[in-house]
Amino acid sequence: MTYRDKFNEWLGFDDMTKAELESISDEKEIEDRFYKDLAFGTGGLRGIMGAGTNRMNQYTVGKATLGLAHYLKAKYKGKLSVVIACDSRLNSKGFLWDAARIFASEGIKVFAYTYIVPVPVLSFTTRFLNCNAGVMITASHNPKEYNGYKVFDSTGCQLCTNDAKEAISYINKIENYSDIFSSIRHVDHYLRHKKIIGIYENELDEFLREVKKQSVYEEKSDLKIVYTPLHGTGLVPVTRALGNMDVTVLPEQEDPDGNFPTVKSPNPEDRAALSLAIEKAKEIGADIVLGTDPDCDRVGIAVRDNNDYVLFTGNQTGALLVKFICEMHREELSEKSTLVKTIVTSELGANIGRSYGVSVEETLTGFKYIGDKINQFEKDGRKFVIGYEESYGYLIGTHARDKDAVVSSMLICQMAAWYKNQGKTLVDALNEIYSEFGFYLDYLDSFVLKGKDGAEKIQSLMVTFREKGKTLFDGIDKIIDFKDGVGDLPKENVLKYIFTDGSWMAVRPSGTEPKIKVYYSVVDPDRENAKARLEGLRKVMGDIINS
């Protein structure tokens, strides 16, 4: 079928879908909505909400759910169960109940959260309730127009390569969107017959008990914290995890709201998202600003430095956490203690871990691969110390198999209190690390290339970077092409350029958004030299991608 054929077919689905589609006059938008099906990437389904096969809506959620149900029934025998949760985004609760009643209609018992919760809570609950799978309705830190659908296996880890391919094969077999809900009863029917069971307070309490087990420093401190949940799910679990610390919650961003009215994008990687919290911190003289994204799996921080606040990168916070956790557990570390990071994460934290005798393992981009390593470690007797990625995701403890901003927020604040009791800020602590391990300057550029034309350009750019890689820059020692497979890592469309001085650059199409991402990590004893080098690399890449 052409995209126009699909468009005409969807006009007959329901009145709301018809009205939305008939209001579109731009042919390019119609093409973008229907030229492909919304695909699973590194984080499951994610896309702009609206009618169309390439959008997040009742029918694409229904297709994913029905296909997943068929996959689970083929994979497991006996009685099956899933747990479903959602964040504060628009339509999240509706998508949750749509998915719940499809699973229930397929004879799969559903545990459904009756209130919004973070991703790590869903990951934990999947294991806690011994479910066969978990589903989280979320689009993480994306703008308000987006939503998504993350799938977790029975261990609470997002589906990795082989399982994802198998599940997708079942999803792709479902071709007729209009029939998905034809025989599905109203959710009240399944609730009355206990095919869907509501989850209330117990599971969250159990999750927080596990988080508290990771606490390492509870000495009194006059540390002052400003916290913002950015209109998301973090308010209750994060403030409870921080316990009796001096926390001021930013009132303007306290309440869950899928419109995210105070920010352009609820992404704690962006200073703009934390600007109101930083203003509050200046007003009350806070030491640290803490911000979690809507599904509370990422956390960003800004640290007071004289009269201003410095926003830390994910690599910087990760390196500090590695040192803090290793220092607090120094006596327990052994040759089996292991740190896990992704291939696009700075080497700084890894080198800190190695200085404590900790082993280091690398995974592809996507926290599911770190979760999968935890599962492997449980089988071979290794001890998981910390896992993190440059995009503000960290996990300490094995209560979840995904990044967890709740436990990370607790430990970041404990770390800040530990340093403050020594008369130091986290800026001071980071400078001490640079003095010992060298200066690392890391950066990420994301280039948005929307629609069919954008997707084709991304493919063309990756061909160019492969064919002309060594001619684009001076000082390249080697190019690692993960598309060919590296070690025991799954094959992935990623290129990594290693320079002779230990700096590197990586190019990767996003698995969930219409973007091509370029990661830079420059190592240089001199900060100004590092900045100049970074700007030179960014200019070359920007000129190529924007041409």
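**Entry 1: aromatic pairs**

I count two rings of Phe, Tyr or Trp (for Trp, the six-membered ring) as a pair if their centres lie within 6.5 Å. With that in hand I searched the whole structure, a predicted model, and got 17 aromatic pairs.

I picked out F473 and F499 for a closer look. Their centres are 6.3 Å apart and their planes make 80 degrees, so this pair is edge-to-face, the cut-off being over 60. The pair links distant parts of the chain, with the two positions 26 residues apart. F473 sits in the loop between α17 (451-472) and β17 (476-481), while F499 belongs to strand β18 (residues 495-499).

Are these two buried or exposed? F473 has 8% relative accessibility and counts as buried, because buried means under 20%. F499 comes out at 3% and is buried too.

I also noted a cluster: ring pairs link F7, W10, F13, F34, Y59, Y177 and F181.

**Entry 2: helices α1 and α3**

Two members of that cluster, F7 and W10, took me to α1. Helix α1 (residues 3-10) packs on helix α3 (residues 27-34) at an angle of about 85 degrees, and their axes are 9 Å apart. That makes α1 roughly perpendicular to α3. I listed who meets whom: Y3, R4, K6, F7 and W10 from α1 face E27, I30, E31 and F34 from α3. Sorted by class, this contact holds five nonpolar and four charged residues, with no polar ones.

**Entry 3: the sheet with mixed pairing**

Next I traced an open sheet of five strands, in the order β8-β7-β9-β10-β11, and found its pairing to be mixed. Which strands stand at the edges? They are β8 (246-249) and β11 (308-311); each has a single partner strand, so one side of each is left without a neighbour in the sheet. From one strand to the next the twist averages 25 degrees.

At the β11 edge, I found four bridges to strand β10 (residues 299-305), in the antiparallel sense. Here R304 stands opposite Y309 in β11.

Then I checked which helices cover this sheet. Helix α15 (residues 405-420) lies across β7 (224-228), β9 (288-292) and β10, at about 175 degrees to β9. Helix α16 (residues 426-437) lies across β9, β10 and β11, at about 95 degrees to β10.

**Entry 4: the antiparallel sheet**

I went on to another open sheet of five strands, ordered β16-β20-β19-β18-β17, with antiparallel pairing. Its edges are β16 (440-448) and β17, each paired with a single strand, so each has one side without a neighbour in the sheet. Its twist averages 10 degrees from strand to strand.

Strand β19 (residues 504-509) and strand β20 (residues 515-523) run antiparallel and are joined by six bridges. I looked up W504 as an example, and its bridge partner in β20 is S521. Helix α17 lies across β17, β18, β19 and β20, running at about 140 degrees to β17.

**Entry 5: A530**

My last stop was A530, in helix α18 (residues 527-546). Its relative accessible area is 0%, so A530 is buried. What touches A530, leaving aside its neighbours within four places in sequence? I found F439, L441, V522 and D524. L441 is 89 residues away along the chain, yet the C-alpha atoms of A530 and L441 are separated by 6.6 Å.

Notes: Residues numbered from 1 in each chain as written. Predicted model: local features only at pLDDT ≥ 70, side-chain atom pairs only at ≥ 80, totals over all residues. Heavy atoms only, no water. Pairing = 2+ DSSP bridges. Axes fitted to C-alpha atoms, helices over the stretch in contact; angles between N-to-C directions. Contact = heavy atoms within 4.5 Å. Parallel < 35°, antiparallel > 145°, perpendicular 65-115°, else oblique. Nonpolar A, V, L, I, M, F, W, Y, C, P; charged D, E, K, R; others polar. Phe/Tyr/Trp six-rings, centres within 6.5 Å; stacked < 30°, edge-to-face > 60°. Buried < 20%, exposed > 50% of the residue type's maximum accessible area, 1.4 Å probe, protein only.
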